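Here are some short exercises to work through with the structure on your screen. Try each task before reading its solution.

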Amino acid sequence: MELREHGRYDWSPLPERKTYDWPGGKKLAFCIANNIEIFSYRDGLGSDSATLTAPQTHRNYAWRDYGNRVGQWYLFDLLEEYGLPSSHNINSRVLRAYPQIREKILSRGDEIVAHGRSNGERQDVLSEEEERRLIAEATAEIIELTGKQPKGWMGPYFAQSEVTLDLLQEAGYEFMLDWPLDDQPVWMRTRKGHILSVPYSVELNDSPSMVFRQEAAASFERMIIDQFDELLLQSQKRPLVFSLVTHNFILGQPYRLRALRRALDHIMKHRDDLWITTVGGVNDYIRSLPEGSLPGQPGQA
């Protein structure tokens with residue numbers, strides 16, 4: 001039997017890699033990656049609060065819309081209480097449909113990571129030309145509405161085609177979040193260069209955990225704390241990234257927000273031991289390191 005290989009990155013066991021420090025000599029980077037999404041009414045794709053394969057209805061549309069109307073504002077307040085930055089994986093159409101969200105993100109100085117046009121669609125079912133158009137349209141809309149080219153991409157539903165990495169790099173993207181392969185950044189090869197994979201957890205992610213695996217809020221709280229404590233311990237040997245992934249219609253629900261608050265209370269007791277940053281901050285720092293600091297590193301950017 002021949003196993004098909006992707007050829008996108010070098011296999012590298014963790015203990016054999018070079019070590020480096022995060023800024024300030026820190027060993028553990030802490031990033032919050034918050035998803036802000038928009039959906040098509042009774043059409044296209046979208047998760048449901050109770051049934052995995054439910055059709056698109058008024059009910060699950062309203063449940064998700066709660067996140068943009070209410071839950072996101074709770075999350076903004078929570079971030080400000082703890083003095084935390086955030087990366088927002090945002091559908092470009094959100095920025096046009098909900099300008100108050102756009103203005104709040106810009107006023108906070110938070111990072112915008114491109115997240116497609118909407119979460120009513122996914123890109124891995126498209127032809128190469130259709131996918132190129134999706135990336136171009138999402139990028140252009142973000143630039144138009146924020147004045148900045150996004151550096152990072154997160155595909156709706158973690159979806160990538162055979163050529164997504166190539167198309168992203170060719171469109172000017174520096175990093176993406178779709179490959180949950182490591183707790184350190186990893187260089188990925190493209191047909192015209194490289195793109196960085198920044199750690200983004202599919203495990204410590206409220207959508208697969210609480211919607212698809214039906215974890216309780218208290219269980220997810222315990223997961224956050226256990227993941228953090230173990231990575232803090234492991235980071236004494238090597239630099240690691242702790243990414244916490246949220247969706248405003250999931251963790252923005254008040255009873256889940258309370259669980260997130262307790263988890264953040266625990267994390268912030270170790271604030272002095274952490275490099276608190278964004279996923280884009282991780283990308284920028286990695287690109288400042290000397291050539292050869294990471295396996296497959298293409299050189300100083």
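**Exercise 1.** Find what share of the residues in this predicted model is buried.

*Solution.* Begin with the cut-off: a residue is buried if its relative accessible area is under 20%. Applied to the 301 residues of the protein, this gives 53% buried.

**Exercise 2.** Work out how the radius of gyration of the protein compares with the globule rule.

*Solution.* Start by listing the secondary structure, which comes to 9 helices and 9 strands. Next, take the radius of gyration, 19 Å, and set it beside the 19 Å that the globule rule gives for 301 residues. The two values are close, so the protein is as compact as a globular protein of that length. As for its outer dimensions, a box of roughly 50 × 50 × 45 Å along the principal axes holds the C-alpha atoms.

**Exercise 3.** Describe how helix α7 and helix α8 are arranged.

*Solution.* Two packed helices are described by the angle and the distance between their axes. Locate α7 at residues 217–234 and α8 at residues 254–268; their axes come within 9 Å and cross at roughly 20 degrees. Angles under 35 degrees count as roughly parallel, so α7 is roughly parallel to α8. The handedness of this crossing is right-handed.

**Exercise 4.** Which residues of α7 and α8 meet, and what classes do they belong to?

*Solution.* On the α7 side, look for Ala217, Glu221, Ile224, Ile225, Phe228 and Asp229. Their partners in α8 are Tyr255, Arg256, Ala259, Leu260, Arg262, Ala263, His266 and Ile267. Sorted by class, this contact has 9 nonpolar, 1 polar and 4 charged residues.

Definitions and conventions. Residues are numbered from 1 along each chain as its sequence is written. This is a predicted model: local features need pLDDT of at least 70, side-chain atom pairs count only at pLDDT 80 or more; totals for chains, interfaces and linings use all residues. Side-chain values use heavy atoms; hydrogens and water are left out. Axes are lines fitted to C-alpha atoms, for helices over the stretch in contact, and angles run from 0 to 180 degrees between N-to-C directions. Helices (H or I, at least four residues) and strands (E, at least two) are DSSP runs, numbered from the N terminus. Angles under 35 degrees count as roughly parallel, over 145 as roughly antiparallel, 65 to 115 as roughly perpendicular and the rest as oblique. A crossing is left-handed if the near helix is turned anticlockwise from the far one by less than a right angle, and right-handed if clockwise. Contact means heavy atoms within 4.5 Å. Ala, Val, Leu, Ile, Met, Phe, Trp, Tyr, Cys and Pro count as nonpolar, Asp, Glu, Lys and Arg as charged, and the others, Gly among them, as polar. The radius of gyration is taken over C-alpha atoms; the globule rule is 2.2 Å times the number of residues to the power 0.38. Buried means under 20% relative accessible area, exposed over 50%, partly exposed in between (1.4 Å probe, protein chains only).
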